[in-house]
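Please look through the sequence and the model below before reading my points, which deal with a sheet and with some charged side chains.

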Amino acid sequence: DLKGSYMFGFWAGITIECPDVILELNHHKLEMSEAFYYQQSFFALISLTSQVFLPGQGPGFFGDAPQAAENVMIRNGELGLSSHHGIQGNFNKNVLVENMKIH
């Protein structure tokens, strides 16, 4: 039973919801499969928040206190096919995206 942020299924491949994180992709590529791309129309490969929509927005209630990542580094990789976002976030601080290919 999916509730809260996941009531519409998995909306992100990776979520970072805390401070002081290094996401080292080690030159790998992150992307949706073609089948999942057609099934999930709202998706972020990487989300820097705990909720897909801000409080009071979107087609449902996703919680009233989203957690936002701070002091995050995303590096050394590639972000490919996504139905909506490569990297998504709200209210984030000190985010560095380094040596990434995003298309």
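1. The model is predicted, and a good place to begin is with R75, which has a relative accessible area of 24% and is therefore partly exposed. The side chain of R75 meets that of E24 in a salt bridge, with 2.6 Å from N to O. E24 is likewise partly exposed, at a relative accessible area of 34%.

2. This pair links distant parts of the chain, since R75 belongs to strand β5 (residues 70–79) and E24 to strand β2 (residues 19–24), 51 residues apart.

3. In total the structure holds three salt bridges, and K29, E31 and E78 are joined in a network of such bridges. Between E31 and K29 the closest N and O atoms are 3.5 Å apart, while the side chains of K29 and E78 meet at 3.9 Å, N to O. Because K29 lies in strand β3 (residues 29–30) and E78 in strand β5, the latter pair ties together parts that are 49 residues apart in sequence.

4. The members of this network are partly exposed: K29 has a relative accessible area of 43%, E31 has a relative accessibility of 41%, and E78 has one of 21%.

5. Turning to the sheet, three strands form an open arrangement in the order β1-β4-β6, with parallel pairing. β1 (12–15) and β6 (85–88) stand at the edges with a single partner strand each, so one side of each has no neighbour in the sheet. From one strand to the next, the twist averages 15°.

6. Which residue of β4 is the bridge partner of I14? The partner is I46, and β1 pairs with β4 (residues 44–47) in the parallel sense over three bridges.

Technical notes: Residues are numbered from 1 along each chain as its sequence is written. This is a predicted model: local features need pLDDT of at least 70, side-chain atom pairs count only at pLDDT 80 or more; totals for chains, interfaces and linings use all residues. Side-chain values use heavy atoms; hydrogens and water are left out. Two strands pair if DSSP finds at least two bridges between them. Helices (H or I, at least four residues) and strands (E, at least two) are DSSP runs, numbered from the N terminus. Axes are lines fitted to C-alpha atoms, for helices over the stretch in contact, and angles run from 0 to 180 degrees between N-to-C directions. A salt bridge is a side-chain nitrogen of Lys or Arg within 4 Å of a carboxyl oxygen of Asp or Glu. Buried means under 20% relative accessible area, exposed over 50%, partly exposed in between (1.4 Å probe, protein chains only).
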